[in-house]
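This report examines how the side chains of one protein chain are arranged, from surface charges to interior packing. The sequence and the structure are shown below.

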Amino acid sequence: MDELDPLPVIRHHFNSLSLSEKEKKDIEATFKSLAILLGRKALGDDVEEQLKQVQAQVQLWKSGATAMVYSAFWAAAEEYAEGVGKILSATVKGLI
């Protein structure tokens, strides 16, 4: 598994949820966008507006039947960020 690939992380968190294929694809696309934007932000790009759009999309999942999606999405985002942080840290240490 490519440790920077966000899809295994999000799939792990949504494994136990009953979602349609379309819902899964939409969530995966949103999560992939988040991962790309976080990478761009780490490189110094101004992506605040795009991050707000992702946040707004995820906020829609917070109410009703999709509340579990909201929680799982942010749990996956935290796990992914921690993993990427460790990889980036190891990469930088390898350069020193």
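## A salt bridge beyond helix α2

K41 is partly exposed, with a relative accessible area of 40%. In this predicted model, the side chain of K41 forms a salt bridge with that of E48, with an N to O distance of 2.6 Å. E48 is also partly exposed, its relative accessible area being 36%. K41 belongs to α2 (21-42), whereas E48 belongs to α3 (48-60). Just after α2, G44 adopts a positive phi of about 100 degrees.

## Salt bridges within helix α2

The whole structure contains six salt bridges. One of them links K24 to E21, with the closest N and O atoms 3.6 Å apart. Because these two residues are three places apart in helix α2, K24 and E21 are separated by about one helical turn. K24 is partly exposed at 31% relative accessible area, while E21 is exposed at 53%.

A salt bridge also joins D26 and K22, with an N to O distance of 2.9 Å. D26 and K22 are four residues apart in helix α2, again about one turn of the helix. An α-helix has 3.6 residues a turn, and therefore residues three or four places apart point the same way. D26 is partly exposed, with 36% relative accessibility, and K22 is exposed, with 57%.

## Geometry and buried residues of helix α2

Helix α2 comprises 22 residues and spans 31 Å from its first C-alpha to its last, close to the 32 Å expected at 1.5 Å a residue. Its buried residues are I27, E28, T30, F31, L34, A35 and L37.

One of these, E28, has a relative accessible area of 13%; E28 counts as buried because this value is under the 20% cut-off. The side chain of E28 makes a polar contact of 2.8 Å with the side chain of R11. Apart from residues up to four places away in sequence, E28 touches L7, I10 and R11. Of these contact partners, I10 and R11 fall within α1 (6-14), as does L7.

## The largest nonpolar core

In soluble globular proteins, nonpolar side chains tend to be buried together. Here the largest nonpolar core has 24 residues, of which I10, F14, I27, F31 and F73 touch the most other members. Helices α1 (6-14), α2 (21-42), α3 (48-60) and α4 (67-95) each contribute at least two residues to this core. The largest share comes from α4, which supplies eight residues.

What does I27 contact beyond its neighbours within four places in sequence? The partners of I27 are I10, F14, L19, W61, V69 and F73. Among them, I10, F14 and F73 are themselves listed with I27 as residues that touch the most other core members.

## Aromatic pairs and their cluster

A pair of aromatic rings is described by the distance of the centres and the angle of the planes. The structure has four aromatic pairs. One of them is formed by F31 and Y80, which meet edge-to-face at 6.0 Å centre to centre, with 70 degrees between the planes. F31 lies in helix α2 and Y80 in helix α4, so this pair ties together parts that are 49 residues apart in sequence. Both rings belong to buried residues: F31 has a relative accessibility of 2%, and Y80 has a relative accessible area of 9%.

W61 and F73 form another edge-to-face pair, with centres 5.5 Å apart and 65 degrees between the planes. Since W61 lies in the loop between α3 and α4 and F73 lies in helix α4, the pair ties together parts that are twelve residues apart in sequence. W61 and F73 are both buried, and both are in contact with I27. Together with W74, the residues F31, W61, F73 and Y80 form one aromatic cluster. Two members of this cluster, F31 and F73, are also among the residues that touch the most other members of the largest nonpolar core.

Key
Residues numbered from 1 in each chain as written. Predicted model: local features only at pLDDT ≥ 70, side-chain atom pairs only at ≥ 80, totals over all residues. Heavy atoms only, no water. Core = buried A, V, L, I, M, F, W, Y, C linked by side-chain atoms within 4.5 Å. Buried < 20%, exposed > 50% of the residue type's maximum accessible area, 1.4 Å probe, protein only. Contact = heavy atoms within 4.5 Å. Salt bridge = Lys/Arg side-chain N within 4 Å of Asp/Glu carboxyl O. Expected span 1.5 Å × (residues − 1). Polar contact = N/O pair within 3.5 Å; in protein donor to acceptor, adjacent residues only side chain to side chain. Phe/Tyr/Trp six-rings, centres within 6.5 Å; stacked < 30°, edge-to-face > 60°.
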